[in-house]
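Me: I should like to go through this structure with you, one topic at a time. Please keep the answers short and plain.

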Amino acid sequence: VACWGTPHTDKGITMILVVALAVGLSMGKRKLEYFERLAFHTIVTEKTKRAQAEFKLSSRPEKSAYAADTADLFSNPRDNENLMRVADLGSKEHWLISTK
């Protein structure tokens, strides 16, 4: 049952207020839904980027072979051949600092 006020109030003004309230609520609901969809899109985009990056990393050759190699390389640092292999490894993995 709608409450239209006292018998002395104008029913037209009350109807305008009810319609304005309904329009305002529907606009607010629409705006809320827009921001929820935008947030969902952002989350999905970030998860997609993360999955693609993880896939690229998983498809690269394993670095466990390097771990075994580095243990052998650094076991005798005075050996010139080992130093050359360390330099090659450093240039491949981009951690070797250039002297130039």
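**Rings, helices and surface**

Me: What does F35 count as, at 45% relative accessibility?
Reply: F35 counts as partly exposed at that value, because 45% falls between the 20% limit for buried and the 50% limit for exposed. Please note that this is a predicted model.

Me: And Y34, what is its relative accessible area?
Reply: The relative accessible area of Y34 is 46%, so Y34 is partly exposed.

Me: How many aromatic pairs does the structure hold?
Reply: It holds one. The pair consists of Y34 and F35, whose ring centres lie 5.4 Å apart. Their planes stand at 70 degrees, and an angle over 60 counts as edge-to-face, so that is the class of this pair.

Me: Why quote both a distance and an angle?
Reply: A pair of aromatic rings is described by both the distance of the centres and the angle of the planes.

Me: Let us step back. How many helices and strands are in the chain?
Reply: The chain has three helices and zero strands. Read from the N terminus, the order of elements is α-α-α.

Me: What share of the chain is buried?
Reply: Of the 100 residues in the chain, 6% are buried. The chain exposes about 9300 Å², and 64% of that area comes from carbon and sulfur atoms.

Me: Now the charged side chains. How many salt bridges does the search find?
Reply: Two salt bridges are found in the whole structure. One joins the side chains of R37 and E33, with 3.1 Å from N to O. The other joins R50 and E54, also with an N to O distance of 3.1 Å.

Me: Where do R37 and E33 lie?
Reply: Both are in helix α1, which covers residues 11-59, and they are four residues apart, about one turn of the helix. R50 and E54 are likewise both in helix α1, again four residues apart, about one turn.

Me: Which class of exposure do R37 and E33 fall into?
Reply: R37 is exposed, at a relative accessible area of 56%, whereas E33 is partly exposed at 30%. In the other bridge, R50 is exposed at 59% and E54 is partly exposed at 44%.

Me: Which residues form the nonpolar patch on the surface?
Reply: The patch consists of M15, V18, V19, V23 and M27, which together have about 440 Å² of accessible area. M27 belongs to helix α1. Its relative accessible area is 58%, so M27 is classed as exposed.

Me: Moving on to α3: how far does it reach from its first C-alpha to its last?
Reply: Helix α3 has 14 residues, 80-93, and reaches 20 Å, close to the 20 Å expected at 1.5 Å a residue.

Me: Which residues of α3 are buried?
Reply: They are N82, V86, L89 and G90. These residues cover an arc of only 100 degrees around the axis, so they sit on the same side of α3.

Me: What does the face turned away from that buried side carry?
Reply: That face of α3 carries the exposed residues N80, E81, M84 and K92.

Me: Last one: what phi does H94 take?
Reply: H94, just after α3, takes a positive phi of about 65 degrees.

Key:
Residues are numbered from 1 along each chain as its sequence is written. This is a predicted model: local features need pLDDT of at least 70, side-chain atom pairs count only at pLDDT 80 or more; totals for chains, interfaces and linings use all residues. Side-chain values use heavy atoms; hydrogens and water are left out. Rings of Phe, Tyr and Trp (its six-membered ring) pair if their centres lie within 6.5 Å; planes under 30 degrees apart count as stacked, over 60 as edge-to-face and the rest as tilted. Buried means under 20% relative accessible area, exposed over 50%, partly exposed in between (1.4 Å probe, protein chains only). Helices (H or I, at least four residues) and strands (E, at least two) are DSSP runs, numbered from the N terminus. Accessible areas come from the Shrake-Rupley method with a 1.4 Å probe; for residues, only the protein chains shown count as cover. A salt bridge is a side-chain nitrogen of Lys or Arg within 4 Å of a carboxyl oxygen of Asp or Glu. The expected span of a helix is 1.5 Å times one less than its number of residues. The arc is that of the directions from the helix axis to the C-beta atoms. Patches are made of residues with over 30% relative accessible area and no salt bridge: like charges are joined within 9 Å, nonpolar side chains (Val, Leu, Ile, Met, Phe, Trp, Tyr) within 5 Å.
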